[in-house]
Amino acid sequence: MLKAVFGNKHKTFRPKKNFAKGTKLYQLHKYAKATVKATLGAGNLHEAVVLPEGEDKNEWLAVNTVDFFNQINLLYGSITEFCTKESCACMSAGPQYEYHWADGVNIKKPIQCSAPEYVDYLMSWVQAQLDDEGLFPSELGVPFPKDIEARVKNIFKRCFRVYAHMYHSHIEKIISLGAEPHLNTCFKHFMYFILEFSLVERKELEPLAEICTGLGLTLPPR
């Protein structure tokens, strides 16, 4: 049953984003995956998010943005069976936090939508940016845009909301299926990266502050 929830690597909400073999970003991606595997065994995921010595920060941000996008894509894709327009009529993280969607282009005024609709908008929005060579260049030597860090921060802020929704709306189901440890590990890795590079404002993290504390994460003061 656990495999059916988080073990099916082929069931994603959106097509997986891959790096072209032989590129610098592909090499960094392989390094990141190997580091995560090594540090997970040692029980210290924080080491996996630290910028490798001598590497470009923008390239490291870009590689990890893609990897975390793929990870959240897989996690959410595995719960779509019980996260529906009927069960989750609005995208929320408990009764205090409701998220409306706007991308400033196709939808300029924030709209209320169901959780599946919000995540669909979000994944399409992220995918379009990751596929844009002008924003996330894959070739060595091609410069990143000056606003790349701001773009990455916005992506992580919105991806955090998917975790917030999963914990607040679906954690009981996830626990019943024995999948909570895997969710916790993925989220902890995601949060270590956010905290290492100050990608998300403290107020945005509030919906999962207690979860973070329970996982041994130290959030910035309010």
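**Close-up 1. The largest cavity.** On a 1 Å grid over the protein atoms alone, a cavity is a set of points where a 1.4 Å probe fits but cannot get out, and lining residues have an atom within 4 Å of a point. Grid points are joined across faces, edges and corners, and a volume is the space filled by probe spheres set on the points. The model here is predicted, so local features need pLDDT of at least 70 and side-chain atom pairs count only at pLDDT 80 or more, while totals for chains, interfaces and linings use all residues. Numbering runs from 1 along each chain as its sequence is written, and side-chain values use heavy atoms, with hydrogens and water left out. Searching the whole structure turns up one cavity of 30 Å³ or more; the largest cavity comes out at about 40 Å³. Its walls are Thr65, Phe68, Phe69, Ile72, Val126, Ile155, Phe156, Cys159 and Phe190. Helix α3 chips in the most, with four residues. By type, that lining is eight nonpolar, one polar and no charged (Ala, Val, Leu, Ile, Met, Phe, Trp, Tyr, Cys and Pro count as nonpolar, Asp, Glu, Lys and Arg as charged, the others, Gly among them, as polar).

**Close-up 2. Helix α5 and its bend.** Helices are DSSP runs (H or I, at least four residues), numbered from the N terminus. With 29 residues (148-176), α5 reaches 40 Å from its first C-alpha to its last, close to the expected 42 Å (1.5 Å times one less than the number of residues). There's a bend of about 80 degrees at His170, taken as the angle between axes fitted to the seven residues ending there and the seven starting there. Just after α5, Gly178 has a positive phi of about 75 degrees.

**Close-up 3. The largest nonpolar core.** Such a core is a set of buried Ala, Val, Leu, Ile, Met, Phe, Trp, Tyr and Cys residues joined through side-chain atoms within 4.5 Å, buried being under 20% relative accessible area with a 1.4 Å probe, protein chains only. This one has 65 residues, and Phe156, Tyr163, Phe187, Phe190, Met191, Phe193 and Leu199 touch the most other members. The biggest giver is α5, with 13 residues.

**Close-up 4. The second largest pocket.** A pocket is an open set of points with protein on both sides within 12 Å along at least five of seven lines. This pocket holds about 240 Å³ of space. Of its 15 lining residues, His168, Glu206, Pro207, Leu208 and Glu210 lie nearest the centre. The largest share, four residues, comes from α8. Overall, the lining splits into eight nonpolar, four polar and three charged.

Notes:
Helices (H or I, at least four residues) and strands (E, at least two) are DSSP runs, numbered from the N terminus. Buried means under 20% relative accessible area, exposed over 50%, partly exposed in between (1.4 Å probe, protein chains only).
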